[in-house]
Amino acid sequence: MDTKTKRRTPPGEPAYHRLTDEKRTRIETLRKEGRSLSSVAERIGCNKSTASKEIRRNKSKRSYRYWKAGAQRR
């Protein structure tokens, strides 16, 4: 099988996973500590772009707020 047709995830499983509330809380804690985006992504075990999108979508005027993400889902 060549690299163009090779699947990274097994058939039947989603290609992505939503961030859990625990990971969102961890993002907020790490950002308050002054950690870089790369460091945050590495520590929670996701891609840098995923962490960036999460922070951008759920930030207030001051900083990232994990509870904003939960409010949007409910």
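## A walk through a four-helix chain

Let's start on one side of helix 3, where Arg56 and Arg57 are exposed. The model you are looking at is predicted, and this helix is a handy place to enter it.

Across from those two arginines, helix 3 has a different character: Ala51, Glu54 and Ile55 are its buried residues. Viewed down the helix axis, these buried residues fall within an arc of 95 degrees, so they line one face of the helix. At the N-terminal end of helix 3 you will find a cap supplied by Asn47, with a side-chain oxygen 3.0 Å from the backbone nitrogen of Ser49.

Now step back to see the whole chain. Its secondary structure amounts to 4 helices and 0 strands, and the order from the N terminus is α-α-α-α. The chain has 74 residues, of which 24% count as buried. If you look at contacts with a sequence separation of 6 or more, 35% of them join residues 24 or more positions apart.

Helix 2, which spans residues 37–44, is our next stop, and its buried residues are Ser39, Val40, Ala41 and Ile44. What do they pack against? Their partners are helix 1 (21–32) and helix 3 (48–57). Just after helix 2 comes Gly45, with a positive phi near 80 degrees.

Take Ala41 as a close-up within helix 2. Its relative accessibility is 3%, and because buried means under 20%, Ala41 counts as buried. Setting aside neighbours within four places in sequence, Ala41 is in contact with Cys46, Asn47, Lys48 and Ala51. Two of these names are already familiar: Asn47 is the residue that caps helix 3, and Ala51 is one of the buried residues of helix 3. A little further along the sequence, Ser52 lies 11 residues from Ala41, and their C-alpha atoms are 8.4 Å apart in space.

The other partner of helix 2 deserves a look too. Two packed helices are described by the angle between their axes and the distance between the axes. For helix 1 and helix 2, the angle is about 145 degrees and the axes are 10 Å apart. Helix 1 passes helix 2 in a right-handed crossing. On the helix 1 side, the contact is made by Lys23, Arg26, Ile27, Leu30 and Arg31, while helix 2 contributes Leu37, Val40, Arg43 and Ile44. Sorted by class, this contact has 5 nonpolar and 4 charged residues, with no polar ones. Val40 and Ile44, both part of the contact with helix 1, are also among the buried residues of helix 2.

Note on methods:
Residues numbered from 1 in each chain as written. Predicted model: local features only at pLDDT ≥ 70, side-chain atom pairs only at ≥ 80, totals over all residues. Heavy atoms only, no water. Buried < 20%, exposed > 50% of the residue type's maximum accessible area, 1.4 Å probe, protein only. Contact = heavy atoms within 4.5 Å. Arc of directions from axis to C-beta. Polar contact = N/O pair within 3.5 Å; in protein donor to acceptor, adjacent residues only side chain to side chain. Axes fitted to C-alpha atoms, helices over the stretch in contact; angles between N-to-C directions. Left-handed = near helix turned anticlockwise from the far one by under 90°. Nonpolar A, V, L, I, M, F, W, Y, C, P; charged D, E, K, R; others polar.
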